[in-house]
Amino acid sequence: MADDGTAGRGAPGILARAARWCGRAVREADAERNTLLLIGKSTLAATLAWLVAYDLMDAPSPAFAPFSAVTIMYVTVYQSVVQSLRYVGAVAAGVAVQGVFGFLAGPDLLTFVLVAVIALALSRARVLGAQGPQVATAAFFAFSTYVSATDPASRAGQLGQIVLLVLIGCAIGTAVNVTVAPPLRYRSAEYGVRVLARTLHELTADMYPVVREGGLDAGTTAGWRDRAARTGGLIEQARAGLDTAMESVRYNPRRLVRRHRRHLTFEGYASVLGALERTLYQLASMTRSLDQWQDEEDAYVYQPFLDRYAAFLEAVSGTALTLSTLDETTLPQQTERLARLAGEAEDRCREVVEEAAARALPLADPARPYGVLVVEATRLSEEVRYTCDTLRSWVGA
């Protein structure tokens, strides 16, 4: 049968794609698996909250409970606890505002305006954080519930029930997040190291063949400089991953499991991230120096220096490649390899310094890049050694 372009459309096609996505998420330990787990836990929490609110309590507005359970389902237990407290506080504040003005002024348009103004003002309270807008949302729902009630007693009861349903939903959501595969994101720190190391490897791997050939034209060096300048965003992402990893340990019962106890602190990853951050900044300075290379420089005279520098960059690239595949299950073997690579980078750096001295290059001339290049090579070599020593000491701790 000819394919008319409709294959995969409609409900069967959607279900098939969803099944493939779920299968991939189950097989692979990545963001897709984390997303699938969060969806499953949110579904379970919402179902339990609906069961309690609708079947057991027979609440008039049972949706508050499952909505609350899903709202506070965060990627870390700590955030679930903190955000649930803020969410309950925001809802309680919104219901309280409606209750006070509703009973004092009655359910008319002026009351709604007053409730809206005060609730929106309270929603900007810093203590509520991201849950601030829930003050106004709760106040509006409470106003709708208040208007539909027939007498003061039922109005007060329904307003109180909104807060109770939110408490139940938050409690169930937090309990599910704590007891069902509580997220322990120490791999986020490892991933941040990999990303920065891969960026360092890719840039240096592009640089050293060109430096060795002496093809330092303005377009090439400007491209390196631009790529190095854009690493700031990756550094911020890596720092955020480290923060998430550290946060995921707090209030998490999995921290008591023996195989996770070494991840209660993250000094090793933090030190490595710091070293890679400094290395990338120094590489950016190096690219700026190369971009300032003078066209009139005699490449033949200084080619031996460029050869030594290319060999050094190649050694740094090899170290970064190993760091980009960092895996805690093979850290002892990787640290041994990194130690050898760090020694090689130091040897190549020493050759750069010796070549500069032998050729009497104008290191003190600010109009020429040689002095800065030698300094940056020395600093890069020191950071590579520091990174390797930090990992080695962390593995041996």
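**The big core**

I started with the largest nonpolar core, which has 57 residues in this predicted model. I looked for the members that touch the most others, and they turned out to be Met 286, Phe 305 and Tyr 309.

Next I checked which elements give two or more residues to this core. They are helices H8 (187-213), H9 (218-229), H10 (232-249), H11 (267-291), H12 (299-323), H13 (331-358) and H14 (370-396). H12 hands over the largest share, 11 residues.

I then picked Phe 305 and looked up what it touches, leaving out residues up to four places away in sequence. My list for Phe 305 reads Val 352, Glu 355, Ala 356, Leu 361, Tyr 370, Leu 373 and Val 374.

**A second core**

What else is there apart from the largest core? I found another core, this one of 24 residues. I jotted down some of its members, including Ala 59, Phe 64, Tyr 87 and Ile 172.

**The whole chain**

I stepped back and went through the elements. I got 14 helices and 0 strands. Read from the N terminus on, the order is just α again and again, down to the end of the list.

How much of the chain is buried? My note says 44% of the 397 residues. For contacts with a separation of 6 or more, I saw that 78% join residues 24 or more positions apart.

**The surface**

I put the exposed area of the chain at about 19800 Å². Carbon and sulfur atoms supply 60% of that area.

I also came across a nonpolar patch on the surface, made of Leu 109, Leu 110, Val 113, Leu 114 and Val 117. Together these five residues have about 480 Å² of accessible area. I followed up on Val 113, which sits in helix H5 (residues 109-122). Is Val 113 buried or exposed? Neither label fits: its relative accessible area is 40%, so I wrote down Val 113 as partly exposed.

**How far I trust it**

Last, I looked at the confidence. The pLDDT averages 81 over the chain, and 83% of the residues score at least 70. Two stretches caught my eye. Residues 1-8 have a pLDDT below 50, and beyond near neighbours in sequence I found 3 contacts for this stretch in the model. Residues 25-29 are also below 50, with 7 contacts beyond near neighbours in sequence.

Note on methods: Residues numbered from 1 in each chain as written. Predicted model: local features only at pLDDT ≥ 70, side-chain atom pairs only at ≥ 80, totals over all residues. Heavy atoms only, no water. pLDDT = per-residue confidence, 0-100. Contact = heavy atoms within 4.5 Å. Helix = DSSP H or I, 4+ residues; strand = E, 2+ residues; numbered from the N terminus. Buried < 20%, exposed > 50% of the residue type's maximum accessible area, 1.4 Å probe, protein only. Areas by Shrake-Rupley, 256 points an atom, 1.4 Å probe, with all protein chains shown as cover. Patch = residues over 30% accessible without salt bridge, like charges linked within 9 Å, V, L, I, M, F, W, Y side chains within 5 Å. Salt bridge = Lys/Arg side-chain N within 4 Å of Asp/Glu carboxyl O. Core = buried A, V, L, I, M, F, W, Y, C linked by side-chain atoms within 4.5 Å.
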